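Dear colleague,

Please find the structure below, together with its sequence. My findings follow directly after it, and I would be grateful if you could read them with the structure open.

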Amino acid sequence: RTRLLLDVDTGIDDAVALLYLLATPGTSIEAITCTAGNVGAQQVAINNLALLELCGRAGIEVALGSEVPLEIPLVTTEETHGDQGIGYAVLPSPRGHISSRHAVDVWLDAVRCHPGQITGLVTGPLTNLALALRAEPDLPMLLKGLVIMGGAFHHPGNTTPVAEWNTHVDPHAAKEVFAAYEGLPLEKLPVVCALETTERIECTPAHVDAVAQAAGAAPEVLDPDDPDGTRSGSDNAVVACISDALRFYMEFHRLYDQGYIAHLHDLFAAMVATGEAGFEERLATVDVETESPLTFGQTVADVAGMWKRAPNARIITRNDPAAVFDVMVRRLSDLARM
Ligand code: BDR
Ligand code: CA
């Protein structure tokens with residue numbers, strides 16, 4: 001069984017990752033903690049509660065963490081993920097409540113109760129993880145492992161020419177997290193899913209249609225030329241949610257000349273955490289630029305030991321997008337059929 005603690009900034013691709021995890025046998029979500037990023041942290045929490053209720057899984061704890069980055073003002077990106085953070089999807093207001101516990105307490109209580117058994121998965125800025133590491137420097141040893149979506153080592157960034165979104169929102173937190181892992185045992189180092197691997201996970205309208213059809217729902221045609229088609233007509237609530245969220249994300253990617261597709265960054269990280277995505281990796285020492293106005297938020301990886309510093313990350317170098325989509329279609333259609 002894979003036991004996961006999630007820290008997220010839901011977010012369209014965070015949402016797809018959550019739906020995938022909820023549908024994956026042998027995977028349990030211990031709790032979901034929320035950070036500010038794509039949208040404000042409160043909205044992130046509401047989105048997670050609503051997604052859990054959509055899937056009949058209201059019992060999972062959803063807690064708030066920091067509502068701002070460690071040292072800089074919060075910038076959110078509604079133009080990427082929609083005003084509420086899940087594109088055109090509109091979910092009923094959740095009946096459940098945000099936990100009274102802080103994200104840091106949720107993580108520390110969980111790993112102290114179950115040392116070495118829980119894998120952390122962070123698909124938003126690293127603010128909450130940095131705070132948890134300040135409170136418990138042994139956190140890496142108490143976790144079984146850690147998977148992070150963030151950074152850009154070989155690609156242009158998606159936020160500045162050199163910076164990826166999650167790292168750019170809170171580069172000071174990212175710097176602290178990587179520093180905290182320097183010199184730890186290799187199996188405890190974070191597995192880092194950066195843009196050069198996650199931008200290969202290009203979801204197309206055909207993938208969305210495949211989910212609908214495998215779920216036994218009517219074909220779901222996301223048509224880039226249909227200005228009125230912003231809401232799915234599907235009577236399957238899960239298919240409609242996925243389709244309405246992804247249509248918005250595809251329109252966003254098209255705006256930036258990436259085509260009518262959606263990069264499912266966080267879905268890939270989730271599959272790395274469950275062990276369902278194959279990949280190759282290499283050790284590196286990662287550091288983050290927090291001073292220069294020109295390269296603020298850039299992640300730099302020393303893979304050749306030039307800095308004479310111990311490795312602090314396992315950077316994914318190869319992945320298999322087709323295999324990711326095979327699993328995605330299977331799991332999301334199972335979820336929609338439930
Ligand atoms: C990351 O930034 C966010 O917008 C996405 O949810 C993903 O986690 C990609 O850079
Ligand atoms: Ca995210």
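Glutamate 281 has isoleucine 316, in strand 11, as its bridge partner. This pair belongs to a model that is predicted. Strand 9 (residues 279-288) and strand 11 (residues 313-319) run antiparallel and are joined by six bridges.

Both strands are part of an open sheet of nine strands, whose order is 3-2-1-4-5-6-11-9-10 and whose pairing is mixed. At the edges stand strand 3 (62-64) and strand 10 (299-302); each has a single partner strand, so one side of each is left without a neighbour in the sheet. From one strand to the next, the twist averages 30°.

Strand 5 (residues 145-149) may be followed next in the same sheet. Strand 4 (residues 118-122) runs parallel to strand 5, and four bridges join the two. Within this pairing, threonine 119 has glycine 145 of strand 5 as its bridge partner. Strand 5 also pairs with strand 6 (residues 191-193), in the parallel sense and over three bridges. Here the bridge partner of methionine 149 is cysteine 193, in strand 6. Four of the five residues of strand 5 are buried, so this strand is largely enclosed by the rest of the structure.

Helix 1 (12-22) deserves a separate paragraph. Of its 11 residues, 11 are buried, so helix 1 is largely enclosed by the rest of the structure. Among these buried residues are Asp13, Asp14 and Leu19. Leucine 19 also appears in the largest nonpolar core, which has 114 residues; Leu19, Ile242 and Leu267 are those with the most contacts inside this core. Leaving aside residues up to four places away in sequence, leucine 19 touches Leu51, Cys55, Ile242, Leu332 and Leu335.

Which residues are the closest to ligand 1? They are Gly11, Asp13, Glu164, Trp165 and His265, out of 13 residues that surround ligand 1. The shell draws at least two residues from each of helix 1, helix 7 (165-169) and helix 12 (265-274). By character, the residues of this shell divide into seven polar, four charged and two nonpolar. Asp13 thus links two parts of this account: the residue is one of the closest to ligand 1, and it is buried in helix 1.

I remain at your disposal for any questions.

With kind regards

Conventions. Residues are numbered from 1 along each chain as its sequence is written. Chains are lettered from A and ligands numbered from 1 in the order in which they are written. This is a predicted model: local features need pLDDT of at least 70, side-chain atom pairs count only at pLDDT 80 or more; totals for chains, interfaces and linings use all residues. A nonpolar core is a set of buried Ala, Val, Leu, Ile, Met, Phe, Trp, Tyr and Cys residues joined through C-beta atoms within 7 Å. A residue is buried if 20 or more other C-beta atoms lie within 10 Å of its own, exposed if 12 or fewer, and partly exposed in between; C-beta atoms are placed from the backbone. Two residues are in contact if their C-beta atoms, placed from the backbone, lie within 7 Å. Two strands pair if DSSP finds at least two bridges between them. Axes are lines fitted to C-alpha atoms, for helices over the stretch in contact, and angles run from 0 to 180 degrees between N-to-C directions. A residue is near a molecule or strand if its C-beta atom, placed from the backbone, lies within 6 Å of it. Ala, Val, Leu, Ile, Met, Phe, Trp, Tyr, Cys and Pro count as nonpolar, Asp, Glu, Lys and Arg as charged, and the others, Gly among them, as polar.
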